[in-house]
Amino acid sequence: MIDPMANIDPAAPAGPEMDAAGGGDGNQEVFDTNAYRSNFRKMDKIRSFMGIASGCVAGVCGLTSLSGLVCFLVLHITVNLSLLAFKMKFDLHSYSRESMFAFLTADLQKCAMSFMLFW
């Protein structure tokens with residue numbers, strides 16, 4: 001998403017595609033919205049599939065009530081941590097401008113609906 005290989009000249013003025021948060025220290029970032037949308041769509045598909053699969057797992061295992069909810073939350077956090085570890089190499093800032101909490105809880109409501117549908 002944020003292109004660390006952009007090879008931006010720190011002396012050049014900041015254009016509209018450059019992040020204004022770069023400040024005066026010469027550390028500028030380029031944010032590619034097309035890459036962001038593509039990455040977001042891929043993560044959305046993975047999280048949606050996770051909601052369906054975890055609902056099936058909870059149903060087959062006979063988890064009801066609070067234990068089913070705990071199963072969903074644990075699997076949701078596990079999948080998000082797996083994305084962070086294996087796909088992003090724990091470098092969230094290079095791929096997103098979200099905080100760690102926002103990343104781990106992203107699409108929670110939508111995935112919960114998929115989970116309940118297949119539970």
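1. Let me start with the pair that caught my eye: Asp107 and Arg47 form a salt bridge, with 3.6 Å between the closest N and O atoms. I'm using the term for a side-chain nitrogen of Lys or Arg within 4 Å of a carboxyl oxygen of Asp or Glu. The two partners come from distant parts of the chain, 60 residues apart, with Asp107 in the loop between helix 4 and helix 5 and Arg47 in helix 1. Helices here are DSSP runs of H or I with at least four residues, strands are runs of E with at least two, and both are numbered from the N terminus.

2. A word on what we're looking at: this is a predicted model, where local features need pLDDT of at least 70 and side-chain atom pairs count only at pLDDT 80 or more, while totals for chains, interfaces and linings use all residues. Residues are numbered from 1 along each chain as its sequence is written, and side-chain values use heavy atoms, leaving out hydrogens and water.

3. Back to Arg47, which is buried at a relative accessible area of 2%. For the cut-offs, buried means under 20% relative accessible area, exposed means over 50%, and partly exposed is in between (1.4 Å probe, protein chains only). Leaving aside neighbours within four places in sequence, Arg47 is in contact with Asn80, Leu83, Phe103, Ala106, Asp107 and Cys111. Contact means heavy atoms within 4.5 Å.

4. Asp107 deserves a second look for its backbone too. Its phi is near 60°, a positive value in a residue other than glycine. Most residues other than glycine have a negative phi. Phe90 also has a positive phi, about 60°, and is not a glycine either. Phe90 is in the loop between helix 2 (65-87) and helix 3 (92-95), and is exposed at 59% relative accessible area. I'd look at both residues in the viewer.

5. How many salt bridges does the rule give? The count is two. Besides the Asp107 pair, the side chains of Lys110 and Asp44 meet at 2.2 Å, N to O. Lys110 lies in helix 5 and Asp44 in helix 1, so this bridge ties together parts that are 66 residues apart in sequence. Lys110 counts as partly exposed, at 38% relative accessibility.

6. His76, in helix 2, is another buried residue, with 1% relative accessibility. Not counting residues up to four places away in sequence, His76 touches Met50, Leu104, Thr105, Ala106, Asp107, Leu108 and Cys111. Ala106, Asp107 and Cys111 turn up in the Arg47 list and in the His76 list.

7. Now the overall fold. The protein has five helices and zero strands, and reads α-α-α-α-α along the sequence. Helix 1 covers residues 33-61, while helix 4 (100-104) and helix 5 (108-118) flank the loop that holds Asp107. Of the contacts with a separation of 6 or more, 68% are between residues 24 or more positions apart. Buried residues make up 27% of the 119 residues.

8. On the outside, the accessible surface comes to about 7,700 Å², and 65% of that belongs to carbon and sulfur atoms. Areas are from the Shrake-Rupley method with a 1.4 Å probe, and for residues only the protein chains shown count as cover.

9. There is a positive surface patch made of Arg37, Arg41, Lys42, Lys45, Lys87 and Lys89. Patches take residues with over 30% relative accessible area and no salt bridge, joining like charges within 9 Å and nonpolar side chains (Val, Leu, Ile, Met, Phe, Trp, Tyr) within 5 Å. Lys and Arg count as positive and Asp and Glu as negative, with His and the chain ends not counted; each charge is placed at NZ of Lys, CZ of Arg, CG of Asp or CD of Glu. Helix 1 gives the most to this patch, with four residues. Lys45 is in helix 1 and counts as exposed, at 64% relative accessibility.

10. A nonpolar surface patch of about 430 Å² is made by Leu66, Leu69, Val70, Leu73 and Val74. Among them, Leu69 sits in helix 2 and is partly exposed at 42% relative accessibility.

11. Last one: Phe49, in helix 1, counts as exposed at 58% relative accessibility. Phe49 and Phe115 are 66 residues apart along the chain, with 9.3 Å between their C-alpha atoms.
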